[in-house]
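Please open the structure in the viewer and keep the selection tool at hand. The stops below are given in the order in which they are best visited.

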Amino acid sequence: MSTTSSTVDRAFEAALYADSDAALDTGASLLATDPTADAELARRGREFVAMAWRRGWQPADVVRIVRRELDDAHLRLVSRLILDENQQSPNPPPNPRWAAQLDELGAGAAEPGPPPRTDRFSYATAVLELYRLLLRLPALEPLDAPGKPQVRPRGDARMLSRIRGLLAKAEATGFPEEAEALSAKAQELMARHSIDEALLAAKEHDRNTPGACRIGVDPPYETAKAVLLDAVAAANRCQAVWNEALGFSTVVGFESDLDAVELLYTSLLVQATTAMTKAEAAQRAGGRKRTKTFRQSFLAAYAHRTGDRLAAVAEEQRDQAAGAGERERQDLLPVLAARDVAVREQVTRLFPETVTTRVRGVSDAAGWQEGTAAADRAQVRARPPVNP
């Protein structure tokens, strides 16, 4: 055994399998006194990242848990490890969503080289803290469905770019009428694209199965956010399963619908946060101080009311699409029904044991009323068709 490997092994034995600060200091001291151990330390880190992939994690999942549990120094370290592991892997990314996560991570990397370090001991401590977290990651449900992999239609990238642009403008504008028009157009494009994609797949006898993605549900008030995501998923013919302990929901559905869920949930969350901040400021101006209970009740009401609106809009959109003529109805409804069955079966395969959790009651009437009003103002309803 080489001296370098021996140093890393002794540091790992001291620090990775114990929770005490003293054990961490011992391992960091060993690494700090041996500069030749850095290359071996990085190699072991790439192995920990590869082990996370085998346990069902994806790049965005690992970044999310590191951001949740540690700090910026660890985030820079794990980002570099993920990118290096991908460059040295003989296999390409397993699917387009994975590749997109790597692209986003690479675009956000500030420096091409290793992250900045202060001193060797601090650097070694951060590395060991990160590796301790990676070593203890639990196994997750593998998201890659069996059978034919999903292939994104060629027009999806341009369509998604248009939708993102519309929603970004809707979130940024200070004019409600403009936001309504922009959001309505985005909703129309999403609904139209989803139905068109389903009909095309049926005509071409496409055997794609539903896929899945994980969407972060971050604190605070994560219960209300998870309820909102569940409502958005249901409206887009998907199902969401919340993992409260790890801070994400797994959304199961067909690829175009998964994209719609992620875009719409993000947009509604921005709208809710903006509306909540304004409402809270008004409450404070009136002498109110219970901001935590107000926010919790606001977001719970927003999620509840938005869920009702999305369910009604989804049914109306389906009826409009199927009501153009008897032939269209005969073509569309069985296709959508078959997709619903496929999504339910995929959820059962991925999550054979799930439980229903009770949402905590709200205790702030003003927060509930303001949240309900904000949900009524949110742009979720499709308007009459607009020519692109």
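Select Phe298 first: with a relative accessibility of 0%, this residue counts as buried. The model is a predicted one. Add Phe294, which is likewise buried, at a relative accessible area of 1%. The two rings form a tilted aromatic pair, 6.1 Å from centre to centre with 40° between the planes. Both residues belong to helix α12 (residues 291-322), where a spacing of 4 residues separates them by about one helical turn. An α-helix has 3.6 residues a turn, so residues three or four places apart point the same way.

The structure holds 5 aromatic pairs. For another of them, select Phe12 and Tyr131: the ring centres lie 5.9 Å apart and the planes meet at 85°, so this pair is edge-to-face. It connects distant parts of the chain, since Phe12 is in helix α1 (residues 3-15) and Tyr131 in helix α7 (residues 120-135), 119 residues apart. Phe12 and Tyr131 are both buried. Adding Phe48 to the selection completes one aromatic cluster with Phe12 and Tyr131.

Next, display helix α3 (residues 38-54), whose 17 residues should span 24 Å at 1.5 Å a residue; the end C-alpha atoms are 25 Å apart, which agrees. Its buried residues include Leu41, Phe48, Val49 and Trp53. After α3 comes Gly56, with a positive phi near 100°.

Move to Leu160 in helix α8 (residues 156-172). Leu160 counts as buried at 11% relative accessibility. Its C-alpha is 9.2 Å from that of Ser256, although 96 residues separate the two in sequence.

Finally, select Arg339 and Phe254: the charged end of Arg339 sits over the ring of Phe254, 3.9 Å from the ring centre.

How values were computed: Residues are numbered from 1 along each chain as its sequence is written. This is a predicted model: local features need pLDDT of at least 70, side-chain atom pairs count only at pLDDT 80 or more; totals for chains, interfaces and linings use all residues. Side-chain values use heavy atoms; hydrogens and water are left out. Helices (H or I, at least four residues) and strands (E, at least two) are DSSP runs, numbered from the N terminus. The expected span of a helix is 1.5 Å times one less than its number of residues. Buried means under 20% relative accessible area, exposed over 50%, partly exposed in between (1.4 Å probe, protein chains only). Rings of Phe, Tyr and Trp (its six-membered ring) pair if their centres lie within 6.5 Å; planes under 30 degrees apart count as stacked, over 60 as edge-to-face and the rest as tilted. A charge sits over a ring if NZ of Lys or CZ of Arg is within 6 Å of the ring centre and within 35 degrees of the ring normal.
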